[in-house]
Amino acid sequence: MILHLNHTRRDSAAASMSEVVETFLTLFEEGHLSAAQFARLQIYLDWLQYKQNFREPVTVVQTAEAGSGAPSRVDVRIDSRQVSPGSLRELVKKAIGPANTDAGKAKDRIYLEHFHSLRSSIVWSFNQLYWQRLKDWEVATGKSYEKALPGGVSDGHNPQAISDSAKEFWRLLKELETRSQLPPEIFILEIGVGLATRAGMWLDRFCALDQEYGTKYYPHLRFLLGDYSLSTLDRSRPAVKKHIDLCSFIALDALDPIKTLSFLRHKVLHVHSSNMYDNLPDDEVVWRENHLYWVQVRAYIPAEEAAKIAANCGISPTDVLKTIKRLLEVGADTLPEHEKGMAFWMNTWNAIRFEERLVDALDLPDAELPAGLSYQQMEDILKDAPGELRFHLSSGALESFRNTLPLLHPRGYLQVQDIFVTDLADYCMGFYGPGKLDGSIVNWVNGALLREVAHRAGYDLHFAPFQYRAGSKTSILYTTQRE
Amino acid sequence: MTLPILPTTMVGSYSMPSWLERLKTDYFARRISRHDLDEIHDCAVRSAIKDQEMAGLDIVTDGELRRDNMIDYFVERLPGIHIDRSSKKFYYDFYDSEVLGKIPMAALGLVDDFKFLLANTERATKFCITGPHSLCKRVRNKYYPSDEALATDIARVMNMELKELAKAGAKLIQIDEPYYSGFPEDLSWGVKVLNLLLEGVNAKFAVHICYGNRYGKPSWEGSYRYLFPTILDAKIQQLSLEFARRGGEDLDLFREFSPPFELGAGVIDVKDQAVETPDIVAERIRKVMKFVASEKIVVLPDCGLFHLPRDIAFAKLRAMVDGTKIVRKELGR
C-alpha cells in the first residue's frame with residue numbers, strides 16, 4: 001500500500017495519516033481486503049479547496065493500465081476535510097466493498113450521463129443555467145452572487161486596484177503619445193462584465209486622470225464590454241451610464257473573442273477580465289509513470305438524495321431525470337410552482353457527485369489537448385514534474401487566452417485577475433477544484449500551462465499576488481509581448 | 001532569365017514544420033548531432049524550394065529554414081559578438097548577445113547556403129539577409145559609441161560577404177530591415193549604413209521593411225510615412241512593404257514621392273491563417289497598380305511565412321500566384 005499525502009493542512013484535515021493507516025491495516029487484518037488488493041492500494045489524502053464539491057468523502061478510482069486494458073490499480077481518494085472523525089472506517093468499507101461493483105453502484109445512484117472528460121460533463125449545463133438565470137438564484141437565496149464568494153466580496157472591485165490599473169494604462173498612452181504612436185481610437189476590452197461595476201469605476205478614474213493631466217485621451221477611448229449573456233450585458237449598462245457614449249456592449253464567446261472581434265486584430269491596447277477563467281470548462285489529467293491519463297467523470301445523484309428531492313418537490317422519484325432535463329432547458333419553471341422548481345434546482349445541484357475513472361490518453365483518440373499544446377510539449381513541460389501529478393488542463397482558460405492574444409496591439413497587454421496555480425508542483429499540495437460556488441463551478445487555473453503557451457506565442461507572462469486585500473487568494477496575470 | 005510582368009516571390013522564409021522545430025530544439029539539447037541537423041536542413045530546404053515551384057512562384061528563396069530566427073543566424077557568424085547560450089528556451093527565441101570589442105573582418109559562411117539554393121532550382125533566385133540596423137538593435141552594445149557606429153561596422157563585415165554572394169551568382173539580394181519601423185528616428189543613419197553595406201556589390205537589391213512578424217504578430221504599428229523622403233536616398237532597386245494586413249492607405253506615398261524603386265507589394269496577410277482567394281489577391285494587386293506602374297510591381301506576401309502551418313502557407317502562395325495570373329490576363333500579358 002502506498003500513501004500519498006497531497007496537502008499540507010495539518011490543522012484542518014479531519015482525517016489524519018495515522019488514522020488512515022490504522023483503518024486500512026485493520027480492514028486488511030479483518031479480511032475486508034485481500035493481500036492482492038492491499039498490495040495494489042494507492043491511498044491519496046486530498047484536501048479539497050471547496051467545501052461544496054463533487055466528491056464523496058471517500059471515492060475509488062479505477063485505472064486501466066496502459067496498453068493492457070486490465071484494471072490493475074485501485075486508487076482510494078480521501079477528502080481529508082470532509083471525513084468526520086470516526087467515520088473513516090465505514091466510509092472506506094463502503095467504498096471498497098460489494099457496493100463498489102457496477103451493479104451495486106447502479107442501484108445506489110442515478111446517473112445523469114455516461115463517462116466523459118470533465119469539460120463535456122452535464123455539470124457545465126448547470127453552470128450555464130446559473131449564469132443565464134442568476135436573478136432567480138439570487139432571489140431564492142436572498143443574496144447576490146458576490147456574497148457567495150469566499151469572503152463575500154469580489155477582489156475585482158477593489159477601488160485601489162482599479163485606480164492603479166487606470167493609472168498604468170494612462171501611462172502607457174502617455175508613452176505612446178511621446179513616441180507619436182498613439183492610435184486614433186484606443187480600444188479596451190473587458191471580457192465577462194458582471195454588473196460592470198469595475199468597468200464603471202475604471203472609466204471614472206481614467207476620466208479623472210485625463211482631466212487632471214489635460215491629456216484628452218478619454219474621448220478617444222472605445223470601451224468594449226463583452227459577455228456571452230445578453231441579459232448580463234443589459235444589466236451592466238447602468239454602471240457605465242456616465243460613459244455610455246464610449247461603450248459598446250458585445251455578445252461574445254469568452255472562449256473565442258477573436259472570432260467576434262476579428263476586425264480588432266492587433267488593435268486592442270488593454271484586455272481585462274476578472275474571475276472568468278476559473279469558471280470556464282476544464283479537464284483534469286494525471287501524469288503517472290510517463291503516461292498521461294484523462295480523468296473521466298460521470299455525474300450522478302445518490303438514489304437516497306434523489307428520493308428526498310423528489311418528495312420535497314412533490315414528484316415521483318422516477319421523474320427526477322426527466323425534470324432535470326427540463327430544468328436545463330427552461331430553468332425553475334420546470335415545475336408548475338417556481339419556488340418548488342428553484343428548490344429542485346438547488347437541491348439537485350447540491351447532490352450531484354462525480355464517479356471517476358482514469359483512461360490512458362493513448363486509448364482516447366479524441367482526448368485533445370487545448371489548442372496551443374501538443375503531447376510533445378506536455379512531455380517537455382512535465383519532464384521535471386513529480387512522478388505522479390493530477391492537475392487541471394484549464395482547457396477553457398487556455399482556449400480563451402490563446403484566442404484573446406491576437407487582439408492585442410503590439411504595445412497592448414492582457415490582465416487577468418483570478419485564482420491561479422502558478423507552479424505544477426503545487427498540485428501535489430492541494431486540490432484546486434472543481435468546486436461549487438452557489439450554482440456555478442469553480443476551478444483554479446493552471447497558470448504554469450498558461451505561461452508555457454504564452455511563451456511559445458511570443459509573450460511574457462507574470463503573476464503578481466493581489467496586494468490590495470490581505471488574505472486574498474487571487475493573483476493578477478499580466479501578459480506583454482516579448483521583444 | 002526573363003521574368004513575367006508582376007513576378008511572384010516570397011519575402012524570404014517558408015513555413016517552419018513543427019517536426020523541424022522539435023529537431024532543432026533537440027539539437028540545442030544535444031540530442032542530435034550537427035551532421036544530422038545539417039542533413040535535416042538540406043531536406044527541409046529542398047522541400048521548401050519544391051513547394052515554391054509547385055505553387056508557381058517565379059523567384060524562389062531557400063525558405064530560410066536553416067535559421068533559428070532572423071537575428072541569431074547572423075549574430076552567431078559575426079566574430080566579436082558574445083552570445084549567452086543559456087539565454088533561450090526554444091531555438092526560435094533570441095539569444096542575449098553583446099559586443100565587447102571591435103568586430104573583425106570575417107567570412108560569414110552564407111555563400112554555401114546560396115550555392116545550395118542555386119543547385120536545387122532552375123528558377124530565378126533571391127537570397128535574403130538581415131540588415132545591420134536590425135542586427136544592431138538586438139545586440140547589447142558595450143563597445144561602440146553609438147548604435148550607428150556598431151551598425152556601420154556590421155555593414156563593413158557584411159559588405160564583404162555580399163560581394164562573395166554576388167561572385168557566386170546571387171543576382172537579387174534582399175536586405176531585411178523591419179526594425180526601421182520600430183525606431184523611425186534612426187532612419188537617416190540607417191539608410192547611410194545600408195548604402196555602405198551595398199557599396200561595390202554587383203547585384204540587384206531589395207529592402208524589406210515591415211512592422212515585425214515575431215511569433216506571427218506585429219511588433220509595432222504606425223504608417224510608412226516615416227520612410228519618406230529619407231528612403232529615397234537608399235541605393236536599392238526594390239522596396240518591399242506590407243499592405244495586405246494593414247490595408248493600402250500608405251500606397252498614396254508612392255504617388256506623392258514617386259520613388260524610383262520597384263515596389264514589392266505585400267498582398268498576402270501572413271498573420272492570419274485564413275487563406276485569401278485569388279480574387280482577393282487580384283483586387284489587392286489592382287489597388288497597388290493605381291499607384292505604381294505594373295512594370296514596377298513585384299508580388300509577394302506581407303512578410304515571411306515562418307509561423308504559418310505548411311498547408312496554409314502553400315495555399316496562400318498558390319492563391320497569390322493564381323490572383324496574379326488573373327491580373328496578368330487582364331493586362332494581356
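**Rings, a helix and one buried leucine**

Reader: Which word fits Phe223(A), buried or exposed?

Author: This is a predicted model, in which local features need pLDDT of at least 70, side-chain atom pairs count only at pLDDT 80 or more, and totals for chains, interfaces and linings use all residues. Residues are numbered from 1 along each chain as its sequence is written, chains are lettered from A and ligands numbered from 1 in the order in which they are written, and side-chain values use heavy atoms, leaving out hydrogens and water. Buried means under 20% relative accessible area, exposed over 50% and partly exposed in between (1.4 Å probe, protein chains only). Phe223(A) has a relative accessible area of 1%, so the word is buried.

Reader: How many aromatic pairs are there over all chains?

Author: Happy to count them. Rings of Phe, Tyr and Trp (its six-membered ring) pair if their centres lie within 6.5 Å; planes under 30 degrees apart are stacked, over 60 edge-to-face, and the rest tilted. Over all chains, that rule gives a count of 30.

Reader: What is the geometry of the pair of Trp202(A) and Phe223(A)?

Author: The two ring centres are 5.9 Å apart, with 50° between the planes. This aromatic pair is therefore classed, by the plane angle, as tilted.

Reader: How far apart in sequence are the parts that this pair ties together?

Author: Helices (H or I, at least four residues) and strands (E, at least two) are DSSP runs, numbered from the N terminus. Trp202(A) lies in helix α8 (residues 197-213) of chain A, and Phe223(A) in strand β8 (residues 221-227) of chain A. The pair therefore ties together parts whose separation in sequence is 21 residues.

Reader: Which residue separated by 65 residues along the chain has its C-alpha atom 5.1 Å from that of Leu414(A)?

Author: Leu414(A) lies in strand β15 (residues 408-418) of chain A and is buried, with a relative accessible area of 2%. Leaving aside residues up to four places away in sequence, its contacts (heavy atoms within 4.5 Å) include Val271(A), Tyr277(A) and Leu477(A). Also among the residues it touches is the one you ask for, and the C-alpha separation of 5.1 Å is to Thr479(A).

Reader: What distance separates the end C-alpha atoms of helix α2 of chain B?

Author: The expected span is 1.5 Å times one less than the number of residues. For the 22 residues of α2 (residues 34-55) of chain B, the span should therefore be 32 Å. The model agrees, as the end C-alpha atoms are separated by 31 Å.

Reader: Which ring has Lys217(B) over its face?

Author: A charge sits over a ring if NZ of Lys or CZ of Arg is within 6 Å of the ring centre and within 35 degrees of the ring normal. Lys217(B) lies at 4.2 Å from the ring centre of Tyr459(A). The ring is that of Tyr459(A).
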